[in-house]
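Colleague: Please take me slowly through one part of this model, the annotated motif and the ground around it, and tell me how far the prediction can be trusted.

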Amino acid sequence: MDKTASSKFNKTPIALCISLTLGFPIPIVSAQEIEEEVETLRLETITVEAQKRKQSMQTVPVSVSAFSGKQLEQAVLKDIFDVAGLVPASSAFQTQNVTNTSFSIRGIGTSSQNFGLDPSVGLYVDGIYRARQSAMVNNLVDIEAIEVLRGPQGTLFGKNTPSGAILIRTVAPSHQNSNDFIEGTIGNYGLVNYSAAASFSAIDNVLAFRATGFGSERDGFVSDVNNASDVLNDRDRWGARLQALYTPSDDISLRIIADYSEIDEICCAAPTQVSNAQANGIAGKFGTDSLLSQPPFNATIFDDSDFFANRVALSFLPESKVEDSGISAELNWDIDDQVSFVSISAYRRFDSFDNIDSDFTDAHLFGTQNDAEQQSFSQEIRLDYSGDNMSAILGAYYFRQDLDLDYSLYTGEQFNDFFLLGFGQGAFNDLLAGIDALSVATNGLVTPSAAPAPASSSFDHYAKQEHESYAIFGQVDYQLTQKVTLTAGLRYTDESKDLSTVFTESLPNSAEFPTFFTSVGDPTNPASLVPGTLLYGAGVAGNVLAGIQANTIDITSASGQAALAALAPFQRLGWGFNPLGAITAARSNISDDLDDDQVTGTIKLSYTPDRHTLFYASYGTGYKSGGTNTDRIADGFDPVFGAEKSKAVEIGLKKDFPAQDLRINIAAHSTQVDDIQENTFIGTGFNLQNAGDYQTSGVELELKWLPTETIEVDFVYARVNAEYDNFMRGNCWIAYTWHTGINDPGQQSSDPDAPNPYCDRSGGRPAGEPEDFAMLKVKKDFTISDNVDAYLVAEYSYTGDIVLDASNDPYAVQDHYNLLNLRFFMNFASYDMDVIFWGRNVLDEEYINHVNFNTPLQEGKMNAYVSDPATFGITVRKRF
């Protein structure tokens with residue numbers, strides 16, 4: 001028997017032992033039957049911890065996709081984005097910087113554009129909850145396994161898992177040094193990855209240590225025409241992890257993990273997707289791109305057709321920095337053969353800084369800076385029981401988080417001109433010139449005009465949120481019969497959040513911020529405030545000025561002085577900022593809080609007619625915590641929003657066909673989400689609220705087939721039907737209406753020209769989620785020599801069309817696209833070394849990376865985030 005066949009032969013007895021140890025219902029069979037089964041079963045047994053204990057994936061009544069460390073290594077899956085691309089009904093993508101990373105499962109996700117939002121997908125590393133989604137974007141190195149759990153996980157994993165959870169386990173210290181390695185990768189765009197890990201036994205079978213380190217560098221693939229070529233969307237990451245494993249007896253183990261990592265990248269490029277230089281459907285209508293291309297701006301303007309040229313023009317390159325660190329301790333104590341005690345304690349810190357050119361042009365208009373710090377402490381304790389017919393978990397959980405955000409929006413040297421020419425359409429020029437002429441004529445008795453929107457102005461806020469959460473939970477698996485198991489669980493969570501936000505507005509030379517032209521209209525709709533208020537004020541002042549110049553008004557009289565008061569707003573520095581809306585208006589500070597408690601639970605029924613078949617049906621609930629809006633929002637907009645709750649029904653089949661070496665896992669699901677938290681950029685700020693209700697349903701299929709000794713076929717398909725059941729306060733079309741004059745059919749006003757901040761999005765699709773995803777993988781094994789085994793892998797995936805914005809603007813749609821990945825793997829047995837040649841998106845498919853947005857203060861224009869081009873490389877891994 002060859003070595004490969006022998007290794008496959010040895011997996012099955014281990015799988016049977018695991019199943020028997022866990023007490024999962026398996027019909028009694030003879031030793032001869034087991035031996036025959038071992039000889040025919042070549043399908044790999046995958047161990048998961050989806051229910052916080054080790055189980056075979058085929059016996060767990062949960063939709064889960066799992067990847068072993070070996071699979072990650074051989075597939076060169078280096079970050080969570082690579083993994084998500086292989087999992088049905090899941091997405092992971094970045095937007096304007098590393099800090100803004102979003103995850104979704106089954107069409108349910110969360111925008112990362114507001115620090116007050118919690119995720120819909122719970123992220124756990126070695127049992128520790130990661131509150132900031134961006135903590136997961138660094139390189140995956142020295143990983144034991146990754147599991148993606150689909151559907152609400154509110155019982156065992158708690159809040160912020162209404163759509164699912166991602167579990168990552170790192171390799172623990174070992175006394176045998178069996179997992180020591182060094183690895184290096186080089187590729188196009190100057191890619192250089194390196195990593196290494198080793199275990200050290202300080203006291204045999206008692207104390208062991210493990211050290212892991214990694215780094216990653218890569219040039220960008222998007223050029224900035226003013227700064228440098230191929231600089232945006234680069235890679236610059238490194239990190240280290242130190243561990244200690246103390247096992248004073250067979251019943252007690254203590255594992256301590258300390259880790260630190262950094263990201264410092266120029267991220268992320270958002271080229272022009274829709275230009276507003278000239279309206280597509282209205283002759284003679286020109287927008288800000290036309291204005292900015294002329295003096296005094298002379299900006300570089302790109303047409304829609306330039307989007308995939310991977311070029312941008314910025315005033316300065318974006319900065320994106322992250323520091324992530326923590327320390328944890330996990331204690332496991334086997335009290336007796338049936339009861340064990342587990343304690344997991346952790347302290348984590350996550351600091352991020354980003355600075356972007358937020359007008360997305362090389363005109364010097366405005367930028368945005370975020371400096372955030374997050375610290376958290378968590379403690380979980382639980383008792384695990386395993387009996388002949390029942391297993392149970394009882395636990396308690398505590399979580400505390402302190403979040404500090406220092407935010408600044410600041411203007412550039414050309415913003416004043418942009419305001420006068422863009423928002424005022426030149427209407428103020430004669431007025432301001434007249435005021436200046438009158439000031440000269442009166443020898444300064446009349447104050448000259450002032451800049452409406454001067455450079456070096458800043459609109460800042462400091463937000464501090466304190467968050468505390470308690471939970472108790474329990475889950476029981478009870479064998480009703482030899483073939484039927486009932487699972488039931490409940491979790492109670494109590495949490496509180498306190499928000500304090502201080503808003504400041506600063507003008508150059510410490511000038512006092514004006515309070516003239518108080519905002520009118522709906523304060524939650526900044527678009528309704530521009531430019532109507534200013535033009536009205538200009539008209540009144542213009543009439544007064546005409547009277548003074550015609551000598552019909554005496555400026556020394558009482559009536560003349562009153563008339564001059566109409567000019568006062570235009571004589572105060574910064575008079576144009578307030579009417580621009582929440583993004584620049586003066587506003588009151590915020591002090592608010594949230595207190596909430598929720599009960600989540602699950603009930604599942606499992607039926608195993610034989611050892612190769614599992615039928616299950618489940619009902620589960622989950623929720624995403626309510627929160628506080630940490631953005632710069634308008635007065636009158638409630639900063640507190642409530643919890644988002646989900647209820648899901650799922651039926652599934654997990655079936656192995658040993659004689660055919662075939663495995664089929666299929667699940668059908670339906671999820672209702674109430675009070676969904678929606679956050680969409682509308683050009684002058686983010687609209688964050690509990691928007692309405694949301695329905696998603698679908699089917700998932702995962703198939704593995706070994707038709708011959710040397711060929712493996714994997715097929716994955718997911719269909720997700722997702723739409724808003726009830727969404728009366730959604731965002732309206734902006735770009736499409738500007739270009740065509742066609743009003744949003746969801747407009748909630750009988751007068752189509754009346755300003756209204758909301759549109760009815762009921763029946764619309766959520767942003768960023770395809771309806772269909774399919775992936776076919778074919779692997780062919782072969783032998784090059786007695787010492788070299790190899791295989792070739794091709795992965796071909798199809799992603800259906802994606803709506804890119806929650807407004808469902810017709811211009812915000814990405815058509816379906818296809819990706820092809822290739823790998824050639826060689827194992828040199830005598831050197832215990834692997835060499836992998838790999839390529840991703842080898843056909844260089846061009847597509848928008850899940851998100852576009854209305855360009856700030858530039859109506860009719862859209863920008864979007866680019867996807868990775870074709871990448872190639874070679875990876876060498878040497879084990880010791």
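Modeller: UniProt positions are given here in the numbering used for this structure, with feature names shortened, and such annotations may be inferred rather than shown by experiment. With that caution, an unreviewed UniProt entry lists residues 45–51 as "short sequence motif: TonB box". This is a predicted model, in which local features need pLDDT of at least 70 and side-chain atom pairs count only at pLDDT 80 or more, while totals for chains, interfaces and linings use all residues. Residues are numbered from 1 along each chain as its sequence is written, and side-chain values use heavy atoms, leaving out hydrogens and water.

The span 45–51 is 0% helix and 29% strand (helices are DSSP runs of H or I with at least four residues, strands runs of E with at least two, numbered from the N terminus), and its end C-alpha atoms lie 17 Å apart.

Gln-71, a residue of helix α3 (residues 69–75), touches Glu-44 and Ala-66 once residues up to four places away in sequence are set aside, where contact means heavy atoms within 4.5 Å. Gln-71 counts as partly exposed because its relative accessibility is 29%, given that buried means under 20%, exposed over 50% and partly exposed in between, with a 1.4 Å probe and protein chains only. Its C-alpha atom is separated by 10.0 Å from that of Ile-146, which is 75 residues away along the chain.

As for trust, pLDDT is the predictor's confidence in each residue, from 0 to 100; the protein chain has a mean of 86, with 89% of its residues at 70 or more. Over residues 1–40, however, the pLDDT is below 50, although this stretch has 43 contacts in the model beyond near neighbours in sequence. Where pLDDT is low, the predicted coordinates should not be read in detail.
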